Amino acid sequence: MQHFYFDHNATTPVAPEVLETMVSCLGQVYGNASSIHHFGQAAKQKLEAARRQVAALIHASPTEVVFTSGGTEADNLAVFGVVRASGRSQAHVIVSAIEHPAVLASAAQLEREGAAVTHLPVGPNGTVDPEQVRRALRPETVLISVMHANNELGVVEPIAEIARIAHEAGVTMHSDGVQAAGKIAIDVDSLGVDLYSMSGHKLYAPKGVGALYVRKGTKLAPTAFGGHHERDRRPGTENVPGIVALGAACELAGSTLAAESERLAGLRDRFESSVLGRISGTGVNGGRANRTPNTSNVYFDGVDGEAMVIALDLRGFAVSTGSACSSGAITPSHVLTALGLSADRARSSLRFSLGRSTTAEQVDALVDALEASVAHLRRISVHA
Amino acid sequence: MPDAAPIAVAMSGGVDSSTVAALLVRQGHKIVGMTMQLWNQRRLPELVPENAGHGRCCSLDDVYDARRVAEQVGIPYYVVNFEQQFEEQVVKPFVAEYLAGRTPVPCTLCNNYIKFDRFLEMADAVGAHFIATGHYARVRYDEASGRYQLLRARDNSKDQTYFLFGLTQKQLARTLFPLGEMVKPEVRELAREMDLAVAEKDDSQEICFVPNGDYAAFLNAYLKDKGVEPQSTRGEIVTIDGRTLGEHQGIHHFTVGQRKGLGIAAREPLYVISTDPRTQRVVVGGNDDLLCSRFFARQVNWISIAGVDAPVRAQVKIRNKHAAAPATLHPAGDPGSVEVVFDEPQRAVTPGQGAVFCDGDLVLGGGWIG
């Protein structure tokens, strides 16, 4: 049976060009980038070239890019790093209610350590109202963290406006850009962010590598301790092959972004209009206007999402009920309930995330499978 | 639906259900393996011993084992989460029954509402008509009566029909028990022969969500987790003729027939005869006081026969390890009840337990001891 992949927000396959670059680096460039000799220098060159490639994708200066083990570590470093650098024992942090667990759980840990955390609600379209951010500010606020694009909905948040409010109050602004990088154009200056997280495996690089953009002048305390790597921000011998792959993936994403966005948005719209036209009791969750081009979150009333994921997998279609990290959880998605969806509707929702390998034929086949599966599931739930 | 409808196998990660999955694959069936996640063992951490490992349901080790077997025999495999239903329909009634001074059988509720209901629904959802489990029991269709019959397993020591008396005709019609004709050593041998990673794994014991069989500790931890201050059920220990012998720490610590843990010195061995949630008294007496020759079974489910409208002879089992005793089933007015009259009085007829009626290997039906 053929299997089609509609879960690119969970992870992406490594792009062939990226794989080639990485394997050649892995085989040949084995020096420690901190070593003085020829071998170390070769690794250092690769490392810095990759740093330039990553910086270019987000219009940053290479010296502002810190490599990490992935998006979760980047988020943790941003959240803990800012709060600890603030020196306040009673710091206040503002996050949106629909952040990834990498931010939400970090904030929860800060709360246990004595910090105060405000969770900003989102409207029915999934966006944070910047005015709410202004109202949530306190004299002791040190950090605002709002994701650039949401992993379950694809909704793009008004980061530039929120960052402006943050800076007026002298507060540091972090944005988790894991689901935005490679999907939409990013300029850290026009966004106005001080910190911006990225993950390799969401943009066709391998797992185990990511980056945190740290604007020059941002106070950030380290969260791990060791050598003087990454300008004392993140110790540990650099994962040069992974970093080289991330660089190559960023360059590839940058050069194909405009055309690929348009292609994916076309496929997504084709998918949504077919689903909504052919299957009753369906609708798109969250606002449709300002989204990443590859993500569609749809509810199918009266259908159990968990059962649907299995039924579709057995037909050869890989989709998910939400973020991969929370699948198997009994509680409905915190993102969908934050939109105001009932627990039932949240449990009947599926996330479809398209990618480079997705074709119109695959989309059409997916819609056929959805139509049959939904009809089957609704038929049996009538009898149950 | 995909080609031929698959069979959904409930895989616990143990040797029995793993062998079922492997056997059905070997017989050429299309299989989907699923593990039901029913209870989060980390939820009540004070109950979990440091070296917790095999033999308890839903531990990560068990899911690991089930997944490994699925991979080995090459079938699609999924973990389905029924924790919410399990808590509502099995754990909460279990707790309520204990607090009411009864001795519940959660495995029967789990079979009725989870394994042969929610799981069957999930099987439906993924296009499977039949489900298969590793239970030791047999099902057959009887042309004459037009009923699906439940029969005791060939392996008498492993027979699990006591926990299956609540199954409906609809459920039995779609259920396969591939181990019903096998004895446990044969199952292990088959597992070894098929080189299953779990072939030497210990059998699971006791009630899956109650570590070490310590019900009282589970009750306390669960109520604490729910933020409920357990209502004190402390009271007196009295004899049948009303003499007070001492005090106890709560009726949920006692079950009918229990001898240990009374904390009373007496010349003759003392046993719990009954518990009374109203007066919170535990009544104790000698072994003979435990004998009982008749009781009512409620919420009776008929399986191999449609019901009784005249007295019927049967062998009746009043707890899992009880050797079925000859009795007569008398219709008791409403169709959901029967009066069971034993030929010889039986020891410790315990409220909350199931009573299962058999005719030889045939399971006629069963109900709850009122």
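Me: What makes helix H4 (residues 101-112) of chain A a helix that lies across a sheet, and at what angle to E3(A) does the helix run?

Reply: In this predicted model, H4(A) lies across E3, E4, strand E5 (141-145) and strand E6 (172-176) of chain A. Contact here requires C-beta atoms, placed from the backbone, within 7 Å. The helix runs at about 155° to E3(A), an angle taken between N-to-C directions on a scale from 0 to 180 degrees.

Me: Which strands does helix H2 (residues 38-58) of chain A lie across?

Reply: H2(A) lies across E2, strand E7 (195-199) and E8 of chain A, and runs at about 115° to E2(A).

Me: How do you know that E3(A) and E4(A) are paired, and in which sense do they run?

Reply: Two strands count as a pair if at least two bridges are found between them, and strand E3 (residues 92-96) of chain A is joined to E4(A) by five bridges, with the two strands running parallel. One of the partnerships sets A:His92 against A:Ala116 in E4(A). E2(A) and strand E8 (residues 210-214) of chain A meet the criterion of at least two bridges as well, for they pair over four bridges, here in the antiparallel sense. In that pair A:Phe67 stands opposite A:Ala211 of E8(A).

Me: Why is this sheet of chain A called mixed and open, and which strands stand at its edges?

Reply: The seven strands follow the order E2-E8-E7-E6-E5-E3-E4 in chain A, and the pairing among them is mixed: the E3(A) and E4(A) pair is parallel, whereas E2(A) and E8(A) are antiparallel. E2 and strand E4 (116-120) of chain A stand at the edges, and because each has a single partner strand, one side of each is left without a neighbour in the sheet. On average, neighbouring strands of this sheet are turned by 20° against each other, direction ignored.

Me: What makes both faces of strand E2 (residues 65-68) of chain A count as covered?

Reply: In a regular strand the side chains alternate between the two faces of the sheet. A:Val65 and A:Phe67 are on one side of E2(A), A:Val66 and A:Thr68 are on the other, and all of them are buried. Each of these residues therefore has 20 or more other C-beta atoms within 10 Å of its own, and both faces of the strand are covered.

Me: Why is helix H4 (residues 106-125) of chain B described as largely enclosed, and where is the helix kinked?

Reply: Of the 20 residues of H4(B), 16 are buried, so the helix is largely enclosed by the rest of the structure. Its kink of about 30° is centred on B:Asn112, the bend being the angle between axes fitted to the seven residues ending there and the seven starting there. Just after H4(B), B:Gly127 takes a positive phi of about 90°.

Me: How do you know that chain A touches chain B, and which helix gives the largest share of the chain A side?

Reply: Under the limit of 7 Å between C-beta atoms, 13 residues of chain A are in contact with 16 residues of chain B. Helix H10 (305-314) and helix H13 (360-383) of chain A are the elements that give two or more residues to the chain A side, and the largest share, six residues, comes from H10(A). By class, this side of chain A divides into eight nonpolar, one polar and four charged residues.

Definitions and conventions:
Residues are numbered from 1 along each chain as its sequence is written. Chains are lettered from A and ligands numbered from 1 in the order in which they are written. This is a predicted model: local features need pLDDT of at least 70, side-chain atom pairs count only at pLDDT 80 or more; totals for chains, interfaces and linings use all residues. Two residues are in contact if their C-beta atoms, placed from the backbone, lie within 7 Å. Ala, Val, Leu, Ile, Met, Phe, Trp, Tyr, Cys and Pro count as nonpolar, Asp, Glu, Lys and Arg as charged, and the others, Gly among them, as polar. A residue is buried if 20 or more other C-beta atoms lie within 10 Å of its own, exposed if 12 or fewer, and partly exposed in between; C-beta atoms are placed from the backbone.
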